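Trainee: I have this model open on my screen and would like a close look at one part of it. Could you walk me through that part and its surroundings?

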Amino acid sequence: GEFDDDDDSNDEVANSLAHISSKFAIAMLDEGETSSSSASPEGKASNAAPAHGSAVGLVGKAAFPCVCEVSQQFAPLFSGRTCISNEGIQWQSLYLVVIGKWAVLAEPGHGGSGGEGRVITACRLACLAVKKDSSSLVNNKTPARRLLVAHASLDPRPPSLFTVDNSNSSSSRGRNVGGVGGPNLGPDGLRLTRSRMDLWFEDSNAAGHALQGALGEDRESESEEGW
């Protein structure tokens, strides 16, 4: 996000967070904005995360169809209407859509209508980093393409559909918000919970549009070629 130069409060917080990665600093400032604006009903409505099970309109929004693998842990979140089983793996159809500061994953509405979806999970855009998965090209005989979605925050509980990434690679520590590694100490000793999930799209064009249109081109954590 962008912040007004004359906002002394934001400037003060920004200065104190100058030594933290920029994306994480934005996430912290977003939290502060939410707290300060929640005093009014309008502030609560505009900053609150879309609740699980609530309806979200897709008409007039950039909504990108995708699928994800669903573990038994997360199966109860879904209605089951659009879940497909293939070789013992459960796959769920979803729409990826941005609502304000939130990236939302919603299952198609009743009857598969493209006009409305049912919220499954939502997470702050500022806490996400996304990259294309070039490794899926090696043995993939279909045009489907995958995006690797990483999430990091101070909340010890990852968003629904995300699983904690317990990678212990020393090279991952101290990276920006999209780095890998489970609950660990980030810059300045802040304890971050890092988690991830995979989203599959119909083809390279669909994945590219989702990356640039919904999540924002600047959220691609690593530049990948060959799509």
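In which loop is the place of Leu161? Please start there and work outwards.

Mentor: Happy to. Keep in mind as we go that this is a predicted model. Leu161 has its place in the loop between strand 8 and strand 9 (163–164). Its backbone deserves a look, since Leu161 has a positive phi of about 80° although it is not a glycine. Leu161 counts as buried because its relative accessibility is 7%, under the 20% cut-off.

For a comparison on the same backbone feature, turn to Glu87, in the loop between strand 3 (83–86) and strand 4. Glu87 also has a positive phi, of about 55°, and is not a glycine either. Its relative accessible area is 78%, however, so Glu87 is exposed.

Back at Leu161, try colouring its partners. Leaving aside neighbours within four places in sequence, Leu161 is in contact with Cys68, Phe74, Leu77, Phe78, Leu94, Leu105, Ile120, Thr121, Arg196 and Met197. Some of these names return in the largest nonpolar core, which has 26 residues. Leu161 is listed among those with the most contacts inside that core, together with Leu94, Leu96, Leu105, Met197, Leu199 and Phe201. The elements that give two or more residues to the core are strand 2 (63–70), strand 4 (89–99), strand 5 (102–108), strand 6 (116–124), strand 7 (128–132), strand 8 (145–153), strand 11 (191–201) and helix 4 (204–214). Strand 2 gives the largest share, four residues. There is also a second, separate core of nine residues, with Tyr95, Val97, Trp102 and Val119 among them.

Now follow strand 5 and strand 6, which pair in the antiparallel sense over seven bridges. One place to see this is Ala106, which stands opposite Val119 in strand 6. Strand 6 has another partner as well: strand 1 (residues 55–57) pairs with strand 6 in the antiparallel sense over three bridges. There, Gly57 stands opposite Glu116. Seven of the nine residues of strand 6 are buried, so strand 6 is largely enclosed by the rest of the structure. When you turn the view to follow side chains, a general point helps: in a regular strand they alternate between the two faces of the sheet.

Strand 5 also holds a residue that a biochemist may like to inspect, Glu107. Glu107 is buried, because its relative accessible area is 0%. Its side chain is joined to that of Arg118 by a polar contact of 2.6 Å. Not counting residues up to four places away in sequence, Glu107 touches Phe78, Ser79, Gly80, Thr82, Gln92, Ser93, Leu94, Gly117, Arg118 and Ile120. Phe78, Leu94 and Ile120 are also among the contacts of Leu161, so you can use those three side chains as landmarks when moving between the two sites. Next to look at in strand 5 is Pro108. Pro108 counts as buried at 9% relative accessibility. Beyond residues up to four places away in sequence, Pro108 touches Arg81, Thr82, Gln92, Ser93, Leu94, Tyr95, Glu116 and Gly117. Its C-alpha atom is separated by 9.6 Å from that of Leu58, a residue 50 places away along the chain.

You can also look for empty space around these strands. Two cavities of 30 Å³ or more are counted, and the largest has a volume of about 80 Å³. The largest cavity is lined by 12 residues, of which Leu96, Ala103, Leu105, Cys123 and Leu128 lie nearest its centre. Strand 5, strand 6 and strand 11 each supply at least two residues of this lining, and the largest share, three residues, comes from strand 5. Leu105, one of the contacts of Leu161, is among the lining residues nearest the centre of the largest cavity.

Finally, zoom out to the whole chain. The protein chain has four helices and 11 strands, and buried residues make up 40% of its 227 residues. Among contacts between residues at least 6 apart in sequence, 64% join residues at least 24 apart. The contact of Leu161 with Cys68 is one you can pick out on the screen.

Notes:
Residues numbered from 1 in each chain as written. Predicted model: local features only at pLDDT ≥ 70, side-chain atom pairs only at ≥ 80, totals over all residues. Heavy atoms only, no water. Core = buried A, V, L, I, M, F, W, Y, C linked by side-chain atoms within 4.5 Å. Buried < 20%, exposed > 50% of the residue type's maximum accessible area, 1.4 Å probe, protein only. Contact = heavy atoms within 4.5 Å. Polar contact = N/O pair within 3.5 Å; in protein donor to acceptor, adjacent residues only side chain to side chain. Pairing = 2+ DSSP bridges. 1 Å grid on protein atoms, 1.4 Å probe; cavity = no way out; pocket = protein on both sides within 12 Å on 5 of 7 lines; lining within 4 Å. Points joined across faces, edges and corners; volume = space filled by probe spheres on them.
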